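Colleague: I should like to learn how the features of a model are read. May we take them one by one?

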Amino acid sequence: MGFELGEYHDREHLKEMIDQFSPEQLESLHFYMNILNKGFSGRRGPEGKVIRGFIDLSIERTGDWKTVATLPLRWEMYNGLGIVHGGIMATFIDNAMGTTLFMCHPNELVQQVTVDLNIHYLKGAKGKKLMAETELIQAGRSIAVLDCDVRDEKDDIVSKATGTFRVWTKS
């Protein structure tokens, strides 16, 4: 478009485009606006992250070491084959595991990062939502291991994953 980063000011053009959007495009725009709000908010933690805003997962604790996360699927999350893009699946799994770790680790965590993420894509995922059943398998002082099964609306397992995380606990 020929402008420098931070110099785009043609609000009228954006309004004209929005007026022509389909319902699906408006829904996507809503999520992208959430991303922008979170990205420029200065907030830290799960509620202040841009990627979390894009995938819009919800998660609930189902046991001492277990959670179930739900990912609502939108048209832009699909690849050219008509199934959920592998990168979206990996992002969903990584976020489900990271949030499970934060919620279920017996010690208060200061920080955590993914060290290894091994995903088996078993079946092309389709539908309106995916569910990730995640379990904290090992919760050490510096390393944690989690398992995750992602299921579609038919309750078929579409992906299985194991993740290893480096954790820092409050002293």
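The dialogue below treats strands, cysteines and a surface patch.

Modeller: This is a predicted model, in which local features need pLDDT of at least 70 and side-chain atom pairs count only at pLDDT 80 or more, while totals for chains, interfaces and linings use all residues. Residues are numbered from 1 along each chain as its sequence is written, and side-chain values use heavy atoms, with hydrogens and water left out.

Colleague: Which side chains of strand β2 are buried, and which are not?

Modeller: In a regular strand the side chains alternate between the two faces of the sheet. Strands are DSSP runs of E, at least two residues long, numbered from the N terminus. Buried means under 20% relative accessible area, exposed over 50%, and partly exposed in between, with a 1.4 Å probe and protein chains only. In β2 (residues 66-72), Thr67, Ala69 and Leu71 point to one face and are buried, whereas Lys66, Val68, Thr70 and Pro72 point to the other face and are not.

Colleague: With which residue does Lys66 stand opposite in β4?

Modeller: Two strands pair if DSSP finds at least two bridges between them. Lys66 stands opposite Glu135 in β4; β2 and β4 (residues 129-139) are antiparallel and share seven bridges. Strand β1 (residues 58-61) also runs antiparallel to β2, with four bridges, and a hairpin of four residues joins β1 to β2.

Colleague: Why is Cys104 not bonded to Cys148?

Modeller: A disulfide is a covalent bond between the sulfur atoms of two cysteines. The criterion is a pair of cysteine sulfur atoms within 2.5 Å. The sulfur of Cys104 lies 12 Å from that of Cys148, its closest cysteine sulfur, which is too far for a bond. The whole structure has zero disulfides. Cys104 is buried at 4% relative accessible area, and Cys148 is buried at 1%.

Colleague: Which residues form the nonpolar patch on the surface?

Modeller: Nonpolar patches join side chains of Val, Leu, Ile, Met, Phe, Trp or Tyr within 5 Å, for residues with over 30% relative accessible area and no salt bridge. Here the patch consists of Val110, Val113, Val115, Ile143 and Trp168, with about 410 Å² of accessible area together. Strand β3 (residues 109-121) gives the most, three residues. Trp168, in strand β6 (residues 157-169), is partly exposed at 31% relative accessibility.

Colleague: How far apart are Leu109 and Trp168 in space?

Modeller: They are 5.8 Å apart, C-alpha to C-alpha, and 59 residues apart in sequence. Leu109 belongs to β3 and is buried at 10% relative accessibility.

Terms used: Patches are made of residues with over 30% relative accessible area and no salt bridge: like charges are joined within 9 Å, nonpolar side chains (Val, Leu, Ile, Met, Phe, Trp, Tyr) within 5 Å. Accessible areas come from the Shrake-Rupley method with a 1.4 Å probe; for residues, only the protein chains shown count as cover. A salt bridge is a side-chain nitrogen of Lys or Arg within 4 Å of a carboxyl oxygen of Asp or Glu.
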